[in-house]
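Colleague: Can you walk me through this one? I want the backbone oddities, then the sheets, then the core.

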Amino acid sequence: MNNVYTMKIAGLTRDLPLCPLNDKVSIAGFVLFGDAELTVAAADELLKKSPEFDIILTAEAKGIPLAHEMSRQSGKMYVVARKKIKLYMTEPLSVTVQSITTKNEQTLYLSAEKAEMMKGKRILIVDDVISTGESLIALEKLCEAAGGIITGKATVLAEGDAAKRDDIIFLEPLPLFFND
């Protein structure tokens, strides 16, 4: 097996390192952090495909650069569901999730102020990669608990079976790599 998977994303070619998930399966590591050119291009392409929205919601941390750039390009605010309660968060809402790229269960939190800001608003959920959909489910639950109205779920890459879903907007499918 090669050590990288080369693919075109938003018109740009990138080599993604192959990372073993277990003895049988590897995933291509996709990280927007530090790749401003790809973040700008992906945000532009996703905004063209996205429905109308008032606020972008993403999870800490890998979706933040994308949400920030989509916010900058659209002029709409974004909200980050945090992985830990911060001192400034009052009466936080919480949802627990098990993601494919996180070893242990993680909990996502949304402050009461952010929840109030989302109440009755059209929400676009954004993430860098959707694979099992567990993080997406957590964001959906947080949005619903806050009283937000989900108008779309957008991601740069849909990994494995996620590419077969018809409820997400994505730029490219990302295969899983099965070891011999």
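Colleague: Where is A10 found?
Modeller: A10 is in the loop between strand 1 and strand 2. Keep in mind that this is a predicted model. Phi of A10 is near 50 degrees, which is positive although the residue is not glycine.

Colleague: Why flag a positive phi?
Modeller: Because most residues other than glycine have a negative phi.

Colleague: Is A10 buried, exposed or partly exposed?
Modeller: A10 has a relative accessible area of 22%, so it counts as partly exposed. The cut-off for buried is under 20%.

Colleague: What about E91, what is its phi?
Modeller: Phi of E91 is near 45 degrees, again a positive value in a residue other than glycine. E91 sits in the loop between strand 5 (77-81) and strand 6 (93-97).

Colleague: And is E91 buried or exposed?
Modeller: Exposed, with a relative accessible area of 69%.

Colleague: Which peptide bond is cis?
Modeller: The bond from E60 to A61, with omega near 15 degrees. A61 is placed in the loop between strand 4 (55-59) and helix 2. Most peptide bonds are trans.

Colleague: On to helix 2. Which of its residues are buried?
Modeller: P65, L66, A67, E69, M70 and S71 are buried there.

Colleague: What covers them?
Modeller: The cover includes helix 1, strand 4, strand 5, strand 8 and strand 9. Just after helix 2 comes G75, with a positive phi of about 80 degrees.

Colleague: Sheets next. What is the strand order in the 5-stranded one?
Modeller: The order is 5-4-8-9-10, with parallel pairing, and the sheet is open. Strand 5 and strand 10 each have a single partner strand, so one side of each has no neighbour in the sheet. On average, neighbouring strands of this sheet are turned by 25 degrees against each other, direction ignored.

Colleague: How many bridges join strand 8 and strand 9?
Modeller: 8 bridges, in the parallel sense. For V126, the bridge partner in strand 9 is A154. Helix 1 packs on this sheet and touches strand 9 and strand 10. The direction of helix 1 makes about 125 degrees with that of strand 10.

Colleague: And the sheet of 4 strands, what is its order?
Modeller: That open sheet runs 1-2-3-11, with antiparallel pairing. Strand 1 and strand 11 (177-178) are the edge strands, each pairing on one side only. Strand 1 and strand 2 pair over 6 bridges, antiparallel. I9 has L12 of strand 2 as its bridge partner.

Colleague: Which strands of that sheet does helix 1 touch?
Modeller: Strand 1 and strand 2. The direction of helix 1 makes about 105 degrees with that of strand 2.

Colleague: Now the largest nonpolar core. Which members touch the most others?
Modeller: F30, L46, L66, M70, V156 and L157, out of 29 residues. Elements giving two or more residues include helix 1 (36-49), helix 2 (64-74), strand 8 (122-130) and strand 9 (149-159). Helix 1 gives the most, with 6 residues. Another core lies apart from this one. That other core has 24 residues, among them L110, L142, A158 and I168.

Colleague: What does L157 touch?
Modeller: Its contacts beyond four places in sequence include M7, I9, L16, F30, F170 and L174. D128 is one of the others.

Colleague: Is D128 buried or exposed?
Modeller: Buried, with a relative accessible area of 4%. D128 is placed in strand 8. Leaving aside neighbours within four places, D128 is in contact with F30, L32, K62, G63, T155, V156 and L157.

Colleague: Rings, quickly. How many aromatic pairs turn up?
Modeller: A search of the whole structure gives 1 aromatic pair.

Colleague: And what sits over the ring of F53?
Modeller: The charged end of K76, 4.9 Å from the ring centre.

Colleague: Last one. How far apart are S26 and D167?
Modeller: They are 141 residues apart in sequence and 25 Å apart in space, C-alpha to C-alpha. S26 lies in strand 3 (residues 25-28). S26 counts as buried because its relative accessibility is 5%.

Key: Residues numbered from 1 in each chain as written. Predicted model: local features only at pLDDT ≥ 70, side-chain atom pairs only at ≥ 80, totals over all residues. Heavy atoms only, no water. Core = buried A, V, L, I, M, F, W, Y, C linked by side-chain atoms within 4.5 Å. Buried < 20%, exposed > 50% of the residue type's maximum accessible area, 1.4 Å probe, protein only. Contact = heavy atoms within 4.5 Å. Phe/Tyr/Trp six-rings, centres within 6.5 Å; stacked < 30°, edge-to-face > 60°. Lys NZ or Arg CZ within 6 Å of the ring centre and 35° of its normal. Pairing = 2+ DSSP bridges. Axes fitted to C-alpha atoms, helices over the stretch in contact; angles between N-to-C directions.
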